[in-house]
Amino acid sequence: MAEVLFLGGLGRSGTTLVERLLGELPGVCALGEVVHLWQRDLRDDERCGCGERFSTCEFWLRVGKSAFDGWDNVDVDRVLALRDAVERTRHIPWLASTARPAADVREYASFYAKVYAAAAEVSGAKLVVDSSKHSALAHVLRAAGDIDLRVVHVVRDARGVAYSWTKRVARPETDGADEMTRYSPGRSALLWNAHNAAFGLLARRGVPVRRIRYEEFLADPRAGLIRLADFAGITLQPADLEFLRPGHADLRVGHSAAGNPMRFTVGRLPLRHDTAWMRALPPAQRRLVGAVCGPMLRAYGYPMNPQES
Ligand SMILES: [Zn+2]
């Protein structure tokens, strides 16, 4: 059984950056957003983090061989139908309350369990990281009961998240044909509340959940990584953190299956906190998001009126 570290949180909260840094640690294999592997990689053959098409990436070929005796043996329609049936935010109360998971929950989770175990075997890693983010998937993996699951819940200031969702971002894996989804600030504020609350519920169901604030992590990535490694049961030597430099990290090639364009970065990755929202998010929208997310922002320790320094 593979040990799995699931990175959760609403999109644009910094999970990709946290994953890229974790992926540099010894004994860790970062897989990207496995939730999108079925459609974007098996179906659409988008690019792996290494730059190859999924179908020609040596790492994923070996994972598919080990997990399913080849990806051709995966019934993608079946996986996507199961996903539609069980992996829904509105199903979280049901997933969280059930003692015996339904057959379709177990079947859907089994595809992930096979990918995780094969990736651990192929890479030789002790721990695989799935940055799928979706709280509903984390609840599915918990309910299935046969995955050694730990969750890092990445929280970022809802105003920064809202601003990020308003920006246009191209998806390089589609060679410029597609852009990342955008949400209005009101919509992202509601999603921020719902997704973050869902990870609180996961912790109450007995899953080890470590919540980190993205801003705090970026202020001292070395300390943040040491704490996460400890949570994940990874033993570090001082040399293991040499890829962390003042203000940036030096990244190797990774094999992230899907996710934020940062998954393609090789070499220098700047580590700085983007505070553009403090000046660029219009005041009315800033107040709206602050009002909608106020209780949880305060619970997480965020100041209600931060100023850019
Ligand atoms: Zn690859």
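This is a short dialogue on how to read a few features of a predicted model.

Biologist: The model is predicted, so where does its confidence stand, in terms of mean pLDDT?

Modeller: pLDDT is the predictor's confidence in each residue. For this protein the mean pLDDT is 93, and 98% of the residues reach 70 or more.

Biologist: Which elements have the lowest and the highest mean pLDDT?

Modeller: Helix H5, residues 92–97, has the lowest at 88, and helix H3, residues 58–68, has the highest at 98.

Biologist: Let us turn to the metal. Which residues coordinate the zinc ion?

Modeller: Three cysteines and a histidine: Cys48, Cys50 and Cys57 each through SG, and His255 through ND1. The distances run from 2.1 to 2.4 Å. Along the chain, these donors follow the spacing C-x1-C-x6-C-x197-H.

Biologist: How do I read the geometry of the site of the zinc ion?

Modeller: Start from the ideal: four tetrahedral donors have angles of 109.5 degrees. Real sites are given some room, and four donors count as tetrahedral if all angles lie between 85 and 135 degrees. Here the angles among the four donor atoms are 99 to 119°, and the site is tetrahedral.

Biologist: Is Cys48 buried or exposed?

Modeller: A residue counts as buried under 20% relative accessible area. Cys48 is buried because its relative accessibility is 0%. Cys57, at 1%, is buried too.

Biologist: Now the strands. What is the order of the open sheet of three strands?

Modeller: The order is S6-S7-S8, and the pairing is antiparallel. Strand S6 (244–245) and strand S8 (267–270) are the edge strands, since each pairs on one side only. Between S6 and strand S7, residues 248–251, there are two bridges in the antiparallel sense.

Biologist: Which residue in S7 stands opposite Leu244?

Modeller: Ala249.

Biologist: What lies across S6, S7 and S8?

Modeller: Helix H1, residues 15–22, running at about 60° to S7.

Biologist: Where is Glu24 found?

Modeller: Glu24 sits in the loop between H1 and strand S2 (28–30). Glu24 counts as buried because its relative accessibility is 10%, and the cut-off is 20%.

Biologist: With which residues is Glu24 in contact, leaving aside its neighbours within four places in sequence?

Modeller: With Phe243, Asp250, Leu251 and Arg252. Two of these names, Asp250 and Leu251, fall within the residue range given for S7.

Biologist: And how many residues apart along the chain are Glu24 and Arg298?

Modeller: They are 274 residues apart, and their C-alpha atoms are separated by 33 Å.

Technical notes: Residues numbered from 1 in each chain as written. Predicted model: local features only at pLDDT ≥ 70, side-chain atom pairs only at ≥ 80, totals over all residues. Heavy atoms only, no water. Donors = N, O, S within 2.8 Å, 3.2 Å for Na, K, Ca; no water. Tetrahedral: all angles 85-135°; square planar, octahedral: opposite > 155°, others 65-115°. Buried < 20%, exposed > 50% of the residue type's maximum accessible area, 1.4 Å probe, protein only. pLDDT = per-residue confidence, 0-100. Helix = DSSP H or I, 4+ residues; strand = E, 2+ residues; numbered from the N terminus. Pairing = 2+ DSSP bridges. Contact = heavy atoms within 4.5 Å. Axes fitted to C-alpha atoms, helices over the stretch in contact; angles between N-to-C directions.
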